[in-house]
Amino acid sequence: VETENEFEKRMLGEVIPPNEIGVRFEDIGALDSVKETLRELVMLPLQRPELFRKGNLTKPCKGILMFGPPGTGKTML
């Protein structure tokens, strides 16, 4: 990936290519409602951006904050 933006250049070193990620949602036990929420809030706007072009209520979210005690699956998700 090539970019002229200095901020993006710094971030590219931290991005893991999708084909190198060894964990899929199916590998994570339970947390079904959390996985569905992530699909709706993060993945759907990336896969179907045309659904989020009009209206204020249908704009994709700008970020996700995951919180909870250690060992609850935040990192795996």
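**Pockets, salt bridges and a loop**

The largest pocket in this structure has a volume of about 430 Å³, and I would like to begin there. Before I go on, please keep in mind that what you see above is a predicted model, and that every value I mention is computed from it.

Which residues line the largest pocket? Going along the chain, they are I16, P18, I21, V23, R24, F25, E26, I28, R39, T75, M76 and L77. If we sort this lining by class, we find eight nonpolar residues, one polar residue and three charged residues.

Let me turn to the second largest pocket, which has a volume of about 230 Å³. Its lining consists of F25, L38, V42, M43, I64, M66 and L77, and when these residues are divided by class, seven are nonpolar, while none is polar and none is charged. If you compare the two lists, you will find F25 and L77 in the lining of the largest pocket and again in the lining of the second largest pocket.

L77 deserves a moment of its own. This residue is found in the segment after α2, and with a relative accessible area of 22% it is partly exposed. Where does L77 stand with respect to F7, which is 70 residues apart from it along the chain? The C-alpha atoms of L77 and F7 are separated by 25 Å.

V42, which also lines the second largest pocket, is found in helix α2. Is V42 buried or exposed? The careful reply is that V42 counts as partly exposed, because its relative accessibility is 34% and the partly exposed class lies between under 20%, which is buried, and over 50%, which is exposed. V42 also belongs to a nonpolar surface patch of about 480 Å², which is made by V34, L41, V42, L46, I64 and M66. Two other members of that patch, I64 and M66, are likewise among the residues that line the second largest pocket.

Now to the charged side chains. As a general point, side chains of opposite charge can pair when their charged atoms come close. How many salt bridges does the structure hold? It holds five, and I will go through some of them.

One of them joins the side chains of R24 and E26, with a distance of 3.2 Å from N to O. R24 and E26 are both exposed, and both are also named in the lining of the largest pocket.

Another salt bridge brings together the side chains of R39 and E36, at 3.7 Å from N to O. Why might these two be placed to meet, given their positions in helix α2? R39 and E36 are three residues apart in this helix, which covers residues 32-47, and so they are separated by about one helical turn. R39 is partly exposed, with a relative accessible area of 30%, and E36 is partly exposed too, with 38%. R39 appears in the lining of the largest pocket as well.

There is also a salt bridge between R48 and E50, where the closest N and O atoms are 2.5 Å apart. R48 counts as partly exposed at 39% relative accessibility, and E50 is likewise partly exposed, at 41%.

I will finish with two neighbouring positions in the loop between α1, which covers residues 6-12, and α2. A30 lies in this loop, and its phi is near 60°, a positive value in a residue other than glycine. L31 lies in the loop between α1 and α2 too, and its phi is near 50°, which is again a positive value in a residue other than glycine. As for accessibility, A30 counts as exposed at 56%, whereas L31 is partly exposed, with a relative accessible area of 27%.

Notes
Residues numbered from 1 in each chain as written. Predicted model: local features only at pLDDT ≥ 70, side-chain atom pairs only at ≥ 80, totals over all residues. Heavy atoms only, no water. Salt bridge = Lys/Arg side-chain N within 4 Å of Asp/Glu carboxyl O. Buried < 20%, exposed > 50% of the residue type's maximum accessible area, 1.4 Å probe, protein only. Helix = DSSP H or I, 4+ residues; strand = E, 2+ residues; numbered from the N terminus. 1 Å grid on protein atoms, 1.4 Å probe; cavity = no way out; pocket = protein on both sides within 12 Å on 5 of 7 lines; lining within 4 Å. Points joined across faces, edges and corners; volume = space filled by probe spheres on them. Nonpolar A, V, L, I, M, F, W, Y, C, P; charged D, E, K, R; others polar. Patch = residues over 30% accessible without salt bridge, like charges linked within 9 Å, V, L, I, M, F, W, Y side chains within 5 Å. Areas by Shrake-Rupley, 256 points an atom, 1.4 Å probe, with all protein chains shown as cover.
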